[in-house]
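Reader: I have a model open on my screen and would like a close look at a single part of it. Could you walk me through the largest pocket and what surrounds it?

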Amino acid sequence: DGECAFCGRAARWCSRKDSQARLELVAYQAVPSPPMTDALRLACADALHVLCTDGRVVRGGRALLFVIGELGYRRSARLLGRRPLVWGVEIFYRAVAKNRRLLGRFIFRAEAE
């Protein structure tokens, strides 16, 4: 989300960690059509989405695990991607995503100043 401090900070962290340039981070508001569709734009407003090179779309906590894996934390991503742990990741992800604007005011306050 290009309008969210929390999402912007997370994207900048990912960019710094992506030493092999495996990810192309784009705010959903800036994604052209195609690949963006009206339905995908609505879904992206609520959750992180990864458009894989093979055409798959991964969302939410599983998208977060995909990103973490691409950043070099593959073992952790694989472990957390297994049941029942992935259910906890999804619950945690949904809670953070739902409250990301509020969290951005407090967690990343120093960056905004």
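Author: Happily; here is a tour of the largest pocket, followed by the helices, cores and loops of the chain. Please keep in mind that this is a predicted model.

Let's start with the space itself. The largest pocket holds about 1,400 Å³, and 45 residues line it. If you want to find its centre on your screen, look for Leu25, Val26, Leu48, His49 and Val67, the lining residues that lie nearest to that point. Several elements of the chain contribute to the wall: α1 (5-17), α2 (38-44), β1 (49-51), α3 (60-70) and α5 (85-98) each give at least two residues to the lining. Of these, α1 supplies the largest share, with 8 residues. As for chemical character, the lining divides into 33 nonpolar, 4 polar and 8 charged residues.

His49 is a good residue to zoom in on. This histidine sits in strand β1, and it is one of the residues nearest the centre of the pocket. Is His49 buried or exposed? His49 counts as buried because its relative accessible area is 17%, under the 20% cut-off. Its side chain reaches the backbone oxygen of Ala47 at 2.9 Å. Setting aside neighbours within four places in sequence, His49 is in contact with Leu40, Ala43 and Cys44, and also with Val57, Val58 and Arg59.

One of those partners, Val58, leads on to the packing of the chain. Apart from neighbours within four places in sequence, Val58 is in contact with Leu48, His49, Val50, Cys52 and Ala63. Val58 also belongs to the largest nonpolar core, 8 residues made up of Cys14, Leu23, Val50, Cys52, Val58, Ala63, Val67 and Leu71. A second, separate core has 5 residues, among them Tyr28, Val31, Leu40 and Cys44. As a general background, nonpolar side chains in soluble globular proteins tend to be buried together.

Now turn to α3, which helps to line the pocket. Its buried residues are Gly60, Gly61, Ala63, Leu65, Val67, Gly69 and Glu70. What covers them includes α1, β1, β2 (57-59), α4 (74-80) and α5. Two of the buried residues, Ala63 and Val67, are members of the largest nonpolar core. Glu70 is a charged residue in this helix, and it counts as buried because its relative accessibility is 16%. Leaving out neighbours within four places in sequence, Glu70 is in contact with Arg22 and Leu23. After α3 comes Gly72, whose phi is positive, near 110°.

Helix α2 also takes part in the lining, and Arg41 is a residue to pick out there. Arg41 is partly exposed, with a relative accessible area of 29%. Not counting residues up to four places away in sequence, Arg41 touches Tyr28, Gln29, Val31, Ser33 and Met36. Two of these partners, Tyr28 and Val31, belong to the second core. Gln29 lies 12 residues from Arg41 in sequence, and the C-alpha atoms of the pair are 7.7 Å apart in space.

The loop between α1 and α2 deserves a look of its own. Ala21 is found in this loop, and it has a positive phi of about 50° although it is not a glycine. Which side of the exposure scale does Ala21 fall on, buried or exposed? Ala21 counts as exposed because its relative accessibility is 63%, over the 50% cut-off. Pro34 lies in the loop between α1 and α2 as well, and the peptide bond that joins Ser33 to Pro34 is cis, with omega near -20°. Ser33 is one of the residues that Arg41 touches. Another cis peptide bond runs from Arg83 to Pro84, with omega near 0°; Pro84 is placed in the loop between α4 and α5.

Finally, look towards helix α6 (residues 100-107), where you will find Leu102. Leu102 is partly exposed, with a relative accessible area of 44%. Its C-alpha atom is separated by 8.6 Å from that of Phe6, although the two residues are 96 residues apart along the chain.

Definitions and conventions: Residues numbered from 1 in each chain as written. Predicted model: local features only at pLDDT ≥ 70, side-chain atom pairs only at ≥ 80, totals over all residues. Heavy atoms only, no water. 1 Å grid on protein atoms, 1.4 Å probe; cavity = no way out; pocket = protein on both sides within 12 Å on 5 of 7 lines; lining within 4 Å. Points joined across faces, edges and corners; volume = space filled by probe spheres on them. Helix = DSSP H or I, 4+ residues; strand = E, 2+ residues; numbered from the N terminus. Buried < 20%, exposed > 50% of the residue type's maximum accessible area, 1.4 Å probe, protein only. Contact = heavy atoms within 4.5 Å. Core = buried A, V, L, I, M, F, W, Y, C linked by side-chain atoms within 4.5 Å. Polar contact = N/O pair within 3.5 Å; in protein donor to acceptor, adjacent residues only side chain to side chain.
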